[in-house]
Amino acid sequence: MGVYYIVFVVLLHPATQPGCSETPVPGATGQQILEANQCKIYNHYAPFILIGILAWNFTAGSIMAGMNSILGNASIIKKVYFPREVLTISSVLAQFVNFLLALIPLCLIILGSGLLPSGLVLILPIIFVAHILFLVGLALIVSIAVLYMRDLALIVEVLLQAWFFLSPVLYVMDQVFPTWKQVVYWLNPIASFIEIYRALLFFNYTPDLGFTARTCLTGVGVFIIGYAFFMYKRKRIGELI
C-alpha cells in the first residue's frame, strides 16, 4: 500500500477540482452525483486506490496460490488420502486472512483521510463470502488445469496482468468504460466486487440491490461450477501428478 501511495498519490497526484463539493445536493441529477463522487476521489485518492489494490491482491493471490495448491503438495497427496479440495480451499482462505489483516491499516488510512464509514460496512461479511466462493471456484478449476498443462502458471501470470488493467483498480469505470460499463460488470465480476467495496467503505452509499445480488450469485455460480469440475477430475489427480 505504501508503494502505491507514493506512486499514485505523491508522484502522480490527480488534479483537484478547486471548490468542488463531495456531497451531492438533495434531488441531484445523475451527472451531479457523478461530479460529487469525482470530487471525493480527487480529495481522498489514497483510500480510493488502496481499496481496489487490496481487493485485487486478494483475488490474484488466491488464484495463484490455489493453482499451485495441488501440484505443490504432490508428495503429501501421494502418501496420505484426504479430500484434495481441502488444499485449494485452504490456500484461498489463507489469502483471505492476509486480506483481513491488510484491512486494518486501510481502515486507519480511511479514518486519517477524514472519511467515516457508515453502518453499511455491516454488509461486508456477505460480500466477503461471495468473493471467497468466487475465488475458490476459480482456484479449483486452475488447480486441476495446471496438472494437464504445467506451463499454465506462466500464462495465468500474464492473464492476471491484463485482468488487473481491465478492472477498476486504479480508475473509475465511468472514466474508461462510460458506454460499456454494465457490460464490463457482467464480463468481469472482480470489477463488481471492487465497486461494492468502494461503495461501502469509501462512498458510503448502499449498492444497488440488483447489482449486489447478481455479483453474489456470480460468486456462488462460479463456486458450484469449479467444485463440480474438481470433483469430476478428482480421481485422476494421483496419476496426473
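## Serine 143

In this predicted model, serine 143 counts as buried because its relative accessibility is 0%, and the cut-off for that class is under 20%. The residue lies in helix α6, which covers residues 124–148.

Apart from neighbours within four places in sequence, serine 143 is in contact with six residues named here: Gly66, Met67, Ser69, Ile70, Thr88 and Phe230.

## The salt bridge

A search of the whole structure yields one salt bridge. Its partners are glutamate 85 and arginine 234, whose closest N and O atoms are 3.7 Å apart. That separation qualifies because the criterion requires a side-chain nitrogen of Lys or Arg within 4 Å of a carboxyl oxygen of Asp or Glu. The pair links distant parts of the chain, with the two positions 149 residues apart in sequence numbering. Glutamate 85 belongs to helix α5 (residues 85–112), whereas arginine 234 sits in the loop between α11 (209–233) and α12 (237–240). In general, side chains of opposite charge can pair when their charged atoms come close.

The two partners can also be described by their accessibility. Glutamate 85, at 9% relative accessibility, counts as buried. Arginine 234, at 31%, counts as partly exposed, since that class lies between the limits of 20% and 50%.

## Secondary structure and overall form

The chain contains twelve helices and zero strands. Read from the N terminus, the order of elements is therefore α-α-α-α-α-α-α-α-α-α-α-α, with helices as defined by DSSP runs.

For 241 residues, a compact globule would have a radius of gyration near 18 Å; the value for this chain is 20 Å, which agrees. The C-alpha trace spans about 65 × 35 × 30 Å along its principal axes.

## Burial, contacts and surface

Of the 241 residues in the chain, 47% count as buried. Serine 143 and glutamate 85 have been described above as buried residues. Among contacts between residues at least 6 apart in sequence, 77% join residues at least 24 apart.

The chain exposes about 12300 Å², and carbon and sulfur atoms supply 70% of this area.

## Distribution of charge

The chain carries 12 positive and 9 negative charges, and the mean positions of these two sets are 16 Å apart. The salt bridge described above joins glutamate 85 to arginine 234.

Notes:
Residues numbered from 1 in each chain as written. Predicted model: local features only at pLDDT ≥ 70, side-chain atom pairs only at ≥ 80, totals over all residues. Heavy atoms only, no water. Helix = DSSP H or I, 4+ residues; strand = E, 2+ residues; numbered from the N terminus. Rg over C-alpha atoms; globule rule 2.2 N^0.38 Å. Buried < 20%, exposed > 50% of the residue type's maximum accessible area, 1.4 Å probe, protein only. Contact = heavy atoms within 4.5 Å. Areas by Shrake-Rupley, 256 points an atom, 1.4 Å probe, with all protein chains shown as cover. Lys, Arg positive; Asp, Glu negative; His and termini not counted. Charge placed at Lys NZ, Arg CZ, Asp CG, Glu CD.
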